[in-house]
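Colleague: Please take a close look at the salt bridges here. Walk me through them one pair at a time, with their surroundings.

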Amino acid sequence: MSADTDIEALRRQGRIVVVGASLAGLRAAETLRDKGFSGSLTMIGDEPYEPYDRPPLSKQALLGRARPEDTALPRRRDIDAEWRLGVAAESLDRDAKWVRLANGDTVPYDRLLITTGTRARPWIHPEEAALDGVFVLRTRDDSARLQRKLTAGVSRVLVIGAGFTGSEVASACRELGLEVTVAERGPAPLVGALGGVIGAAADRLQRSKEVDLRCGVSVTALEGDYGGRLRRAHLSDGSAMDVEVAVVSLGAVRNTDWLAGSGVAAGPRGVACDAGCRVFDVNGIVTDDIYAAGDVARSPHPLFDYQFLSLEHWGNAVEQAEIAAHNMICAGTKRIPHLWLPMFWSSQFGVNIKSVGVPPLGDQLVVAQGALAEDRFVAVYGYRGRVIAAASFDGAKWLGFYQEQIAAGAPFPPEYQTVDRRTEAPQPVDPDFPDPHLPTHGPTVTLSGHAPSERRVQFVPARA
C-alpha cells in the first residue's frame, strides 16, 4: 500500500466532532459517512433541534404557509452520530484536543469541524431588546414567536434595517395586510449588498407596496410601558411613532466567541481557513486537524484577489461542507479546493432578486438587460476591467451566463449585444456602495483582507 493509502485508512477512523448542528454541519456529516468514515461522530448544537432550513423562516413561515417546526432538513442518509443538542460549545483547547460545553462537559476530538454559523445582531440596548414586542429573526423559535405576534391583531410593525431579512419581513407584513414602517440608516434598501444604484430600485419597489420607508434615519430608542410592552420608537430625525412590534434586522454576528483564547484565527468576520477549509492559527499557520465551513468560515478566492470571503449563502454552506468533509479524511494529494462562486436569492414584494459573484467588490456597474425603472433588469458589476458580479430583479434566466463570464474573467463593460437591452451601449456608473467602515446591516458577501487575523471593519452601534 502507498503512504497516501495508509494515511487515508487512518483518517477514516478516530473521533470527529462537528460544532454547529446546522445545514453545513449535517451535509458534512453525511459526506463523511458517504466517503467511508467509520469512526465516532459527535454533533454539537446550541439549539434543541436537529438541523433545519432557515430561508423559509422569513418567508413562508411568517405568512403561515409553513410551520417553523416543519422546516427540518431532509436527510440524505443516516449519519450514526451522537447528538449533543441544546448546549453550546464554550471553549476550545487545541493542546488537549477537546471542546468544553456550557454545561461543563468536555468532548474530545481527533479532528474538529466548525460550522457554528451566525446569529442575529441584537438590539443595542439590552433593556429595550427585552421588551415584549421586540424581535430578531434567525431561529425557528424566533420565527414562531414573531408569526404569532403578527397574527394577533397588531396595528403597525417597525422593521429596523432594510437588508435582505428586513426587507423580506416587511414584504411578509404587507402581504398579511399590516402597516409597516422600515427605518434604514443607509440611503436605500439593500445598499450594503447591491449598492445605491440598485438600492434605488428596491426603494421604489417598497414604496409602491405602500411601505412607510424612511431612509437616512436610525432608531435611537425603543420605549415600553409599565408592563414591559413596546409602545413607541424614537428616530434620529427627532420624530417618534407608536408601534407594538419592532423587528431588529441589523445583520448577522458570526458565532466565534467560544474560540477566544484558543489560538485559532477567529474574530468578527469569521474563522479563517485556506481553500481546503483547514483553519489557520493566529500566526497564519494552517492546522491539519481543525476545519471550518458555512457562514462562519472565511477563505481566500483567486477570482477576488485572494481576499478572504465570508459568505452567508445556502449553496455555499452545502458546497463548502462537502469539500471540508472530503479533505478531513483524504491524504494531501487528493484534497480539493473550495472555489464556489457566491450566489444568493431573495423573494420580496412579488420580485425575485438574485445575485452571483461579489457585488461589493465592484467599482463600476452597467444595466445589461431590462431597465431599472421597470423593476425587471440585470445589472453587471465590473472590477478593474473585468466582470465580477451580476444582480437581477426578475431576470434570473441570465445569471447562469454571467456566472460563466465571472469565472472566465470576461472584460467589463460587456462587449456583446443583448436582446433585452433597453438602451444602446449604456455607460458604466459607480454602483454607489456605502463606506464599509460605517455600521450597517452589511452585505451577504464580506471581503475581509488578505491576512488570516486581519480585521478591517468593526461594528460601532449608534447611541441615543
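Modeller: First, exposure: a residue is buried under 20% relative accessible area, exposed over 50%, and partly exposed in between (1.4 Å probe, protein chains only). The model is predicted, so local features need pLDDT of at least 70 and side-chain atom pairs pLDDT 80 or more, while totals for chains, interfaces and linings use all residues. Numbering runs from 1 along each chain as its sequence is written, and side-chain values use heavy atoms, without hydrogens or water.

The structure holds 31 salt bridges (a side-chain nitrogen of Lys or Arg within 4 Å of a carboxyl oxygen of Asp or Glu). Here are three pairs and one network.

Start inside a helix. Arg145 and Asp142 meet at 2.9 Å, N to O. Both sit in α4, residues 140–150 (helices are DSSP runs of H or I, at least four residues; strands are runs of E, at least two; both are numbered from the N terminus). They are three residues apart, about one turn of the helix. An α-helix has 3.6 residues a turn, so residues three or four places apart point the same way. The two partners differ in cover: Arg145 is partly exposed at 41%, while Asp142 is buried at 9%.

Next, a pair between strands. Arg232 bridges to Asp242, with 3.1 Å between the closest N and O atoms. Arg232 lies in β14 and Asp242 in β15, so the pair ties together parts that are 10 residues apart in sequence. Arg232 is partly exposed at 28%; Asp242 is exposed at 53%.

The strands around that pair are worth tracing. β14 and β15 (residues 240–242) run antiparallel, joined by three bridges (strands pair if DSSP finds at least two bridges). His234 stands opposite Ala240. Four residues separate the two strands of this hairpin, and Gly238 in the turn has a positive phi of about 90 degrees. On the other side in sequence, β13 (residues 219–224) joins β14 (residues 230–235) through five bridges, also antiparallel. Gly224 has Leu230 as its bridge partner. That hairpin has five residues between its strands, with Gly228 in the turn at a positive phi of about 80 degrees.

Now a longer reach. Arg254 and Glu312 form a salt bridge at 3.3 Å. Arg254 is in β17 (residues 252–254) and Glu312 in the loop between β23 (308–311) and α8 (314–328), so the pair ties together parts 58 residues apart in sequence. Arg254 is buried at 3%; Glu312 is partly exposed at 22%.

Last, the network. Arg27, Glu30, Arg76 and Glu322 are joined into one by salt bridges that share partners.
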